[in-house]
Amino acid sequence: MGSEGPKAVTIHVTGFKKFLGVDENPTETMVNNLKIFLEKRGLPAGVRLGSCTVLETAGTGALPMLHKILESSISSMDNEQIVWLHFGVNSGQSKFAIEQQAVNEATFGCPDEFGWQPQRQPIVPEDGEISRIRETLCSTEAILEFLKKKGYDATTSRDAGRFVCNYVYYQSLRFAEQKGLKSLFVHVPLFSSVDEQTQMKFIATLLEAIASTC
């Protein structure tokens, strides 16, 4: 009695579909294949893989699905930690980037997949100015150190852009703060820069890093 041990960590994962300039989004492929990959590889003790969802690469157009899956994660929080792990692609980078924060600004350099292209608009008007920042509660420096020890070329970042990745991350961080959860966004390279198998192994290692640093 009285010794319940550490909470289990349930990690829900999202990726994105294609968007202008990226016809094949690696995050769509990896999120769709993640359950099978981890069934073969195995998960670290105390880690449970929750939902794996591929979102439309859109701002307001993707919100209903995003809110639905975020809400669904809190229905079974019995003595477990919940972490939302979002993946997006940065086609101009060859490193994995752990995003430490999101900003309340939507300034899309091109239309999203629903044709929306806001300029200097607040993502959440109730939060005030577009300069408002929300930071992840995940231990990004500890996660980075874990990944580097495993040989991955990774870095931390304080700029998730102003496109859909930042838009979704801001919404997720806001939700996480309200519900007592954690949220993290990671940008990955194209498969032409880092091959699919390496990136799948990276995700498995990242799950272990998150669980060990929560």
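## Strand β1 and the sheet around it

Let's start in the middle of things: strand β1, covering residues 8-16, is mostly covered, with eight of its nine residues buried. Keep in mind throughout that this is a predicted model.

β1 has a partner on either side in the strand order β2-β1-β3-β8-β4-β7. With strand β3 (residues 80-89) β1 runs parallel, and seven bridges join the two. Strand β2 (residues 47-55) is also parallel to β1, again through seven bridges. If you want to find the register in your viewer, a few opposing residues help:

| Residue in β1 | Opposite residue | Strand of the opposite residue |
|---|---|---|
| Ile11 | Val83 | β3 |
| Thr14 | His86 | β3 |
| Phe16 | Leu55 | β2 |

How does the chain get from β1 to β2? It goes through helix α1 (residues 26-41), and this β-α-β crossover is right-handed.

### The whole sheet

Zooming out, six strands make up an open sheet, and the pairing in it is mixed. The edges are β2 and β7 (154-157), each of which pairs on one side only. From one strand to the next, the twist averages 25°.

Two helices are worth a look here. Helix α3 (residues 140-149) lies across β4 (96-99), β7 and β8 (182-188), and runs at about 165° to β7. Helix α5 packs on the sheet too, where it touches β1, β2, β3, β4 and β8. The direction of α5 makes about 150° with that of β3.

### A residue on α5

Helix α5 spans residues 196-213, and Lys201 is part of it. Is Lys201 buried or exposed? Neither quite fits: its relative accessibility is 35%, so Lys201 counts as partly exposed. Leaving aside residues up to four places away in sequence, Lys201 touches Phe37, Arg41 and Tyr152. Phe37 and Arg41 fall within the residue range of α1, 26-41. For a sense of distance, take Arg162, which is 39 residues from Lys201 along the chain: the C-alpha atoms of the two are separated by 28 Å.

### The protein overall

In total there are five helices and eight strands. Reading along the sequence, you get the pattern β-α-β-α-β-β-β-β-α-β-α-β-α.

What about overall dimensions? The C-alpha atoms fill a box of roughly 55 × 40 × 25 Å along the principal axes. The radius of gyration is 16 Å, which agrees with a compact globule, because one with 214 residues would have a value near 17 Å.

Contacts tell you how the chain is wired up. Of those between residues at least 6 apart in sequence, 79% join residues at least 24 apart. The contacts of Lys201 with Phe37 and Arg41 give a concrete case to click on.

As for cover, 50% of the 214 residues count as buried. The protein exposes about 10,100 Å², and carbon and sulfur atoms supply 47% of that area.

Methods
Residues numbered from 1 in each chain as written. Predicted model: local features only at pLDDT ≥ 70, side-chain atom pairs only at ≥ 80, totals over all residues. Heavy atoms only, no water. Buried < 20%, exposed > 50% of the residue type's maximum accessible area, 1.4 Å probe, protein only. Helix = DSSP H or I, 4+ residues; strand = E, 2+ residues; numbered from the N terminus. Pairing = 2+ DSSP bridges. Right-handed = clockwise from strand over helix to strand, strands pointing away. Rg over C-alpha atoms; globule rule 2.2 N^0.38 Å. Contact = heavy atoms within 4.5 Å. Areas by Shrake-Rupley, 256 points an atom, 1.4 Å probe, with all protein chains shown as cover. Axes fitted to C-alpha atoms, helices over the stretch in contact; angles between N-to-C directions.
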